[in-house]
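Let us walk through this structure with short questions and answers. Keep the sequence beside you.

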Amino acid sequence: MADIYRQTVGPLLARDDGADPELLSLLSLRLLGWVSRHREGLPRPLLEAVAHGLGRPDPRLRLDCFGVSFANPVGLAAGFDKNGVAAAIWHCFGFGFAELGTLTCQPQQGNPRPRLFRLAAEQAALNRMGFNNVGSAAAVQVLEAQHLPAVGQRPLPLGLNLGKSKLTPLQAAPDDYAVSLGRLARFADYVTINVSSPNTPGLRQLQAADALRSLVERLRRQDCGAGGCPPLLVKIAPDLRDSELDAIADLALDLDLAGLIATNTSWDRLGLEQRRLLTGRTLAEEPGGLSGAPIRARSLAVLQRLATRLAGRLPLIGVGGIDSPQAAWQRIAAGASLLQLYTGWIYRGPELVPRILEGLLTQLEAHGLPSISTAVGCGLPWTKPSR
C-alpha cells in the first residue's frame, strides 16, 4: 500500500497546484467510509493484509493513559475524519488510536472555498475549514452505521473532538459543547475539548482560565448515560504566551483533566509571511491555521513548557509537524505520552506510521529502555542506529 500511495498520490502532493487538497481528502474519506461500513462483507484477508503491512505490534510500545490502553502511542489527529466515517478501520493503518471530529452541536458547512491550501515545498498546509461537519446528532448515526464494538473492546481507542457551533455565542458555549458530549459520550474512549482552532471567531477566548473552568465544569454535569463522562482533554493553541501556558497547566491540574493536547494549528506565519498561495495572496494576507513542518519547533516548545510545569502529573499528547521517527522521538523524550499525525501523514503516506514505530523501537533499544512509557520525558537524544 505504501508503494502505491507513493507512486500515485505522491506526485499529486508534490506541487501546490496538484490535486485539490480538499477534494482529495473527500474522495479518500468516501472510499474509507464505504470500507468501514461494509468491512464485514469484504474478504477478511484484504484488511488483514493492510493491517499486517502497516502495523508494528510490539509489547514495548503499549502504554496506558488516563485509564485507556493504547497498543502504540501514534494516533491520527482530529481534522481528517471530521465525521467519523472510517472509525472502524483506522487500526488497519497502524495507528494506536484515532481522534474523530471536530464535531459541533449544529451541522455546519464551514467557511467558503477555497479553504485548504497545500504548501508543498514546506511540507505544510494552510486551512480555514471552519469546523465543517454533519453535526453531533448526525454523527451518532454515522457511528452507529459502522457497528462499532463497545468502548474498551475495539481494536483501538477512539477520541471525539468537540467544538463550538459558529452561530452559538461564547456565553452559551458550555451548553453547546455539553449537548454534543451527551450525544456522543457512549462512543468515546476520551473526549477532546477543542478551544484552539483559529477558524471559529472568538473560540480561542475559551482558553482563558475562567472561561475554560466554566466549560469543563458544565461538561462534568452533563448526563452521559450509563458509561459516565469519558476522560476530558483540552487541545490548546501554539500561539499562547508562556504565562498563558502555565495558567492552563495549573488549571488542568486543578480541574483534574485527563490530559492536554499540544498543539493546534498556528496563526503565526513563522517566517513564511511572504510565501504566495495559489490565490496570488501571501500567507500574511490569508486567514487560517498553519500546520505541518513549519510549526514543529513551536509545538515542541509548547510541549516542553507544559511538561516542565506539569512535572509528569498529567499526560500530554504531542501534535504539530511530526513527520519522521526523529521528530516523534523528540516529542516523546520531551514529555509526550502520545503523538498525533495529520499533515505529515498526508505528505509521507501510510508508510509514516510504521516508520515511526520502528524508529521508536530502535531508540528504546539504543538507550536500554524497556518500554515507551519509560521514555516519556527522558530527555534522551535521537541516536542513529548502529549498522
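Buried means under 20% relative accessible area, exposed means over 50%, and partly exposed is in between (1.4 Å probe, protein chains only). This is a predicted model, in which local features need pLDDT of at least 70, side-chain atom pairs count only at pLDDT 80 or more, and totals for chains, interfaces and linings use all residues. Residues are numbered from 1 along each chain as its sequence is written, and side-chain values use heavy atoms, with hydrogens and water left out.

Q: Is Gln123 buried, partly exposed or exposed?
A: Gln123 lies in the loop between β5 (116-119) and β6 (124-127). Helices (H or I, at least four residues) and strands (E, at least two) are DSSP runs, numbered from the N terminus. Gln123 is not a glycine, yet its phi is positive, about 50°. Its relative accessible area is 22%, so Gln123 is partly exposed.

Q: What is the relative accessibility of Leu270?
A: Leu270 sits in the loop between β10 and β11. Its phi is positive, near 50°, in a residue other than glycine. Leu270 counts as partly exposed because its relative accessibility is 33%.

Q: Which residue does a cis peptide bond join to Ala262?
A: The partner is found in the loop between β10 (259-262) and β11 (289-292). Omega of this bond is about 15°. The residue joined to Ala262 is Thr263.

Q: Where is Thr102 placed?
A: A cis peptide bond joins Gly101 and Thr102, with omega about 20°. The strand that holds Thr102 covers residues 97-103. That strand is β4.

Q: Which helix gives the most to the largest nonpolar core?
A: A nonpolar core is a set of buried Ala, Val, Leu, Ile, Met, Phe, Trp, Tyr and Cys residues joined through side-chain atoms within 4.5 Å. The largest has 105 residues, and Trp90 and Leu260 are among those with the most contacts inside it. One helix, residues 352-367, gives seven residues to this core, the most of any. It is α12.

Q: Why does Ser197 count as buried?
A: UniProt, in an unreviewed entry, lists Ser197 for "active site"; such annotations may be inferred rather than shown by experiment. Ser197 lies in the loop between β8 (190-194) and α7 (209-221). Leaving aside neighbours within four places in sequence, Ser197 is in contact (heavy atoms within 4.5 Å) with Phe131, Leu203, Arg204 and Asn264. Ser197 is buried because its relative accessible area is 7%.
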